[in-house]
Amino acid sequence: MIPMIALALPVLVALLLLATRGALARGLALAGAMGTFLAAALLPGSSAVVVPWIAGIGVYFALDGSGAGGFLAVVASLVMVPTVVWTVVRVGERPHQFLAALFAMWAGLIGLFLARDLVLFYVFWEVTLLPSLAMLAGWGLAQRRQAMLKYLLYAIAGSFAMLLTVLAIRPLAGAESYLFADLLATTSALDSVQQVWLFVGFVLAFAVKLPIFPVHHWLIDFHEQNHPSGAADVAGTLYKVGGFGLFAWALPLLPLGASIVTPYLLLLGAFTALYAAVIATRQTNLKRLLAYASLSHMGFVAVGLFGLHIAGLSGSMYLLAAQMVTTGGLFLLSGMLHARRATFDITAYGGLAASAPALAAVMLLVLFAGIGVPGLANFPGEFLALLGAFQASVFAGVLAVGAVIAAGVYGVNLYGRLFQGPQPNPVADLRPVEIAVLAPIVLATLWLGLFPAGPLALLDAEATITIEGQSLASDPAPPDASTLQGARR
Amino acid sequence: MTQDVVSWAALAPALALLGALVNGLLGARLREPLPGIVASVAVGAGFVLSLVAFFAFAGRGEAVVVPLWDYLAVSGVELALGFHLDQLSLLMMLVITGVGALIHVYSIGYMHADSGFARYFAYLNLFVAAMLVLVMADSYLLMFVGWEGVGVCSYLLIAFWFKQGTNVDAARKAYIVNRIGDAGFLLAMFLMFRTFGTLDVAAVNAAVGAFAFGAGAITAIGLLLLVAATGKSAQIPLHVWLPDAMAGPTPVSALIHAATMVTAGVYLIARASPIFATSPEASAAVAWVGAATALIAAFVAFAQTDIKRVLAYSTISQLGFMFVAVGVGAYSVAVFHLVTHAFFKALLFLVAGSVIHALGGEQDVRRMGGLGTRMRITGTTALVGTLAIAGVPLLAGFFSKDAILVHTFSSTLVEDYGAYFLYAVLLVSAVMTAGYMFRWYYTVFCGAERLSKATGAAVHESPRVMTVPLVVLAVGSVLTGYLGLPAFAFPNWIEGWLAPVTAAVTFTHPALWIEWLLLLVSVLAAALGLGLGYWAYHLQKGAPAARLGVGRLAAFGRSGAGFDALYRNAVVGPTEGTAGALSIVDRDILDRGMASGVTAAGLLARVTTLWQSGFVRAYALAMLCGVVALVLVVVVAGVRA
């Protein structure tokens, strides 16, 4: 029941919000956020829901909050609560609609993290796009049209590839249903060519939403053009679910395809990590900088996944959760800076630590967590992802570790430009409501950094499926070039 | 906690962390000097715990392991965090908390009336906590937590006076250069995991035994650890951050950039000594990096005119001595010099702080002179520190430096890699050390006063809270030497103490007369350096030095032997250029290229018309159609299947 409540509650709140205004809408949003978070917090211990949905074709309404997806849903919900509060504070124009979109995204995210039926997963994957697009369209900056167009085109292209893959996989494998377990039982028997094609289909969709180079450009404009509160950016950060799609679906279902394709993707991921971090060192727009930093993190997620090492697989999902908190937190902080100075140009700031020491301290903590300082949220996942990548390919590991250095550069450059140096104009320090918004972010940053063992064990259990698939796939002789070519004809 | 008093020392970092939290969260409400007292008590209590543990541990063999909690829990990579208390970590803890507590107390006087008083002590406590974690860690991963943690604290403290842009630049430089070392540490851990399947220090050290002498994997791990150590311990070529780090408050320079953090690289290599003892190549690389650093930094120290920068280069040079020691396999000797250096270099920096304090911020030695008579305690303790580092017999630096020289001379581990040359380089460096330190002492404390009238009138001895730590450190700068008297004729405690926890490397045992001769050579080196200084600065009234000060060689030295300019032109510039170029390529070429590709496909035009008719609604409709279509197709496919 709990998965259903966690899914239905935000949907309900979103619908009600459309019909309410003013204080009522604000109260509803805050209560709804607390309720949804509480429901989500119960997910890890909950039992799965499986009901036939479109029985004729084996599509089930199957949700399971006890695994990796449940953990991600909890962390995403934890980040959503302060985001809702901040939206109530900062979004002045049609706030009830903005909040409705936020809750719709929340529901979509919970759905796609918990879905254990591939068609259901696809539906949530697509549906979640709508509210994120609506926020950009309704509350974005002047050049949002271009950003929307780009976002949409990339998303459609990716979705199309996934749609084809989803359609093809069950008939090809002859699975009884679209349930993960049923697919898993049959897909590994597919021959290498089919697996490669299906895997590539998934990768096209997931690469866009990861994202990695060279299909990342939508991300930069998306963040730059979204509402200056940063709330929509947080939601967008949570929606970078390509890594989860790979972890939960593509890699375990198609072991042979994965083992053939991932060595190239591993290099692409390592390149993305370094490339984006290096570019981030030269950005002067705060949101573009955060977007590139975030892209670099996704490079780490990618190398963790594509290394096909147990440490990297679990680590990359842990990093995905951690960056929801840290990158999400940084976008909230960017909104707070914008509230003070009405600009994202970081050269216009300086020396704020003198007038806003608390803001400086929180920024320092979350930013340094973001660049992978141990003891804070991103480190355990980043470390394991890189460790796994290095075990698979020394070259890719070294390349990706280069991004750790570049991250140090953009981290201290950003903090230095915003908070250190001469202070042209003092600003107000954190207000009580801002402290309330940031408190869960700070606590989660510390908690995820200090005590990763529990969630990692949860992720590990699921990553083992992929690893077992790999050991089975590597057992029979690897397919030779002739069978590959023959089947392509 | 168990009933074992040794394990109580595991509370030391927690106490420091608590102090940091109290000062960080409530410090703004506490009145001076309360934050300083809180911080000093937190570290002092850690010292007491360490001292009790140290004596309780004496005579035991087995390390005391204090488990903390599970950290990583993935099949095949399971790692619990824990503290490993043994001879080496307990000794390091004594230095960190002992010297640390003195510097905390001194800071109460030094930072008096600073608007960031509480913030300063919060950072300083946080640093002590991280440094303790570094030396107490039972795994390389936890060590890395402390390793990065001290880097962050160092960054924060260098930029403590953050309103001044140059301080911020210095802090950024320090952090970025350290990150290069950290990347080496990460890669070393990855390769360790690949090679041994664990990151536990004891397990790794035990597993090394199964590898052949000179095995490639071991050498590679050793070299990666060297990269890490080079960054943190400011060795060439990653030393450039340390002179700039002097932008931080002077007690910070004493604690972090002289006594503790910068020695972490030496500690790391000593901790991983079985790895280095198995790889003569990696060991030789360590030794030669150290020797080159010792010599070049000593040369540069001659040309510096800032009272702190002289000491900064001196620290780099002395760390080079320690690197040679770990490189030749004399791990306990390196730790010995680490301990003595912690005392006399902390002392020298605090002396510098006392002078700067008295002169209202003046740091240029050309505008000092003659202060010895007006600041009796500072001057006297400065003399003790100077003689100790110069290697004057019976003071601490003499014994530890002589031990390094003797072990380099008689090394077998790196004998194929020029052990005698290493010895010669160190000997020259030792002469130079005595020379530049004499120059430093003389220009500050002797000769004629060169102060401006206003500053001169205000000169005063520092308050008791600052001078008492100076005296204690001065005593330590003498007594710590007796922990490791020349082993061929005297009792040597430290070698026996550390023997169980460091790899055994054989050294040749020269004839007794050669041992005495080497000792004599060490004495002569100090005498020669001090004598040359005396001749140049006292007898010639600094005339040769003045000539030296204008030549091309001096300009080269003043510029730090050209490293900064080289990096600016060869590394920083091109990297920034590449980054700038990439960001343009990404935005204006790749992005636009993708967009125009799509336009060519004709898709763009169609969607453009759509959005004019209410973009989002249209898309929502399309989505709905898409989902319906999907379901239909699935139904059809499902029925046919």
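**Note on a two-chain predicted model**

1. K232(B) is buried and yet has no salt bridge. The nearest side chain of opposite charge belongs to D182(B), 4.2 Å away. A salt bridge needs nitrogen and oxygen within 4 Å, so the pair does not count as one. Please keep in mind that this is a predicted model.

2. Where does K232(B) sit? Its place is in helix α9 of chain B, residues 216-232. Beyond its neighbours within four places in sequence, K232(B) is in contact with nine named residues' worth of surroundings, including W147(B), V150(B), N178(B) and W241(B). D182(B) is also among these contacts, as are M261(B), V262(B) and A264(B).

3. Now the interface. In chain A, 85 residues are in contact with 60 residues of chain B. The area buried between the two chains is about 6400 Å². Carbon and sulfur atoms give 78% of that area.

4. Which polar links join chain A and chain B? There are 17 residue pairs in polar contact, counting those with both residues at pLDDT 80 or more. Helix α19 of chain A, residues 394-419, gives the largest share of the side of chain A that touches chain B, with 14 residues. That side of chain A divides into 60 nonpolar, 17 polar and eight charged residues.

5. Two salt bridges are counted between chain A and chain B. E576(B) and R282(A) meet in a salt bridge, at 4.0 Å from N to O. A network of salt bridges links K150(A), D221(A), E224(A), R288(A) and D591(B).

6. How many salt bridges does the whole structure hold? The search finds 22 over all chains. One of the salt bridges joins D244(B) and R309(B), at 3.6 Å from N to O. D244(B) lies in helix α10 (residues 241-244) and R309(B) in helix α15 (residues 307-327), both of chain B, so the pair ties together parts that are 65 residues apart in sequence. D244(B) is partly exposed at 21% relative accessibility. R309(B) is partly exposed too, with a relative accessible area of 23%.

7. Two further pairs in chain B deserve a look. E362(B) and R367(B) meet in a salt bridge, 3.1 Å from N to O. R367(B) is partly exposed, with a relative accessible area of 43%. D364(B) forms a salt bridge with R366(B), and their closest N and O atoms are 2.9 Å apart. Is D364(B) buried or exposed? D364(B) is buried, with a relative accessible area of 11%.

Technical notes. Residues numbered from 1 in each chain as written. Chains lettered and ligands numbered in written order. Predicted model: local features only at pLDDT ≥ 70, side-chain atom pairs only at ≥ 80, totals over all residues. Heavy atoms only, no water. Contact = heavy atoms within 4.5 Å. Buried area = accessible area lost by both parts, 1.4 Å probe. Polar contact = N/O pair within 3.5 Å; in protein donor to acceptor, adjacent residues only side chain to side chain. Helix = DSSP H or I, 4+ residues; strand = E, 2+ residues; numbered from the N terminus. Nonpolar A, V, L, I, M, F, W, Y, C, P; charged D, E, K, R; others polar. Buried < 20%, exposed > 50% of the residue type's maximum accessible area, 1.4 Å probe, protein only. Lys, Arg positive; Asp, Glu negative; His and termini not counted.
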